[in-house]
Amino acid sequence: MNSKHKEYYDKRKEKHKEYYQKRRENLEWVEEQKIVCKKYKENNRDKVLEKQRNYKKTYIGQRNHKISEWRTKGGLKETQERMIIIFDRWLNCLFCESCGCEFEKKNFKCMDHDRLSGHFRQVICNRCNCFRNKFDRQRALLMLEIHRLNLRL
Ligand SMILES: [Zn+2]
């Protein structure tokens, strides 16, 4: 890193420090900024929407969207680093890792994970995923039944 870069980074660091200090001290200012932000979004709706649309087209945008979806809807429990590796594998996968078929519009790409532990298993097609879903549910019922039998003995 040369001196020019260092100067730039130091300046930016100071600016960040000032900003967070301001945030901590003036809670009113934070509320004001929220209103300003809301007004800007209302006035420049098309601009904001276009920016969002363009962000979703980028690799980072797609990745963050998919990872948050897996985490909230799917219940995938992995660290952020593992999530990135899983996303790359999902993105570059061309054939189902279970049956070997090509992905189509109806038989789309899925991220398969263990519903009990929340760990990632494979990248598979929707048909295989539905089958595994059923299997997981039956496995859970079977485990419950075994637990009950053990209690009776
Ligand atoms: Zn398959």
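How many Å separate the centres of domain 1 and domain 2, taken over C-alpha atoms?

## Two domains

In this predicted model, the centres of domain 1 and domain 2, taken over C-alpha atoms, are separated by 40 Å. Domain 1 covers residues 1-39, while domain 2 covers residues 59-152. Helix H3 is formed by residues 45-57, and helix H4 by residues 59-74.

## The chain as a whole

The chain holds six helices and two strands, and anyone who follows the sequence from its start will meet these elements in the pattern α-α-α-α-α-β-β-α. The radius of gyration of the chain is 24 Å, which is well over the 15 Å that the globule rule gives for 153 residues, and the chain is therefore more spread out than a compact globule. The extent of the C-alpha trace can also be described along the principal axes of the chain, where the trace spans about 70 × 45 × 40 Å.

## Where H3 meets H4

The axes of helix H3 and helix H4 come within 4 Å and cross at roughly 85°. Because angles of 65 to 115 degrees count as roughly perpendicular, this crossing makes H3 roughly perpendicular to H4.

On the H3 side, the residues that take part are Tyr55, Lys56 and Lys57, and they meet Gly61, Gln62 and His65 in H4. Sorted by character, the residues of this contact between H3 and H4 comprise one that is nonpolar, three that are polar and two that are charged.

## Where H4 meets H5

Helix H4 also has a contact with helix H5, which is made up of residues 80-92, and here the two axes come within 10 Å and cross at roughly 110°. H4 and H5 are therefore roughly perpendicular to each other, and the crossing in which H4 passes H5 is right-handed.

The contact is made by Arg63, Lys66 and Ile67 of H4 together with Met83, Ile84 and Phe87 of H5. When the residues of the contact of H4 with H5 are sorted in the same way, four are nonpolar, none is polar and two are charged.

How values were computed. Residues are numbered from 1 along each chain as its sequence is written. This is a predicted model: local features need pLDDT of at least 70, side-chain atom pairs count only at pLDDT 80 or more; totals for chains, interfaces and linings use all residues. Axes are lines fitted to C-alpha atoms, for helices over the stretch in contact, and angles run from 0 to 180 degrees between N-to-C directions. Angles under 35 degrees count as roughly parallel, over 145 as roughly antiparallel, 65 to 115 as roughly perpendicular and the rest as oblique. A crossing is left-handed if the near helix is turned anticlockwise from the far one by less than a right angle, and right-handed if clockwise. Two residues are in contact if their C-beta atoms, placed from the backbone, lie within 7 Å. Ala, Val, Leu, Ile, Met, Phe, Trp, Tyr, Cys and Pro count as nonpolar, Asp, Glu, Lys and Arg as charged, and the others, Gly among them, as polar. Domain bounds come from an automatic or database domain assignment. The radius of gyration is taken over C-alpha atoms; the globule rule is 2.2 Å times the number of residues to the power 0.38.
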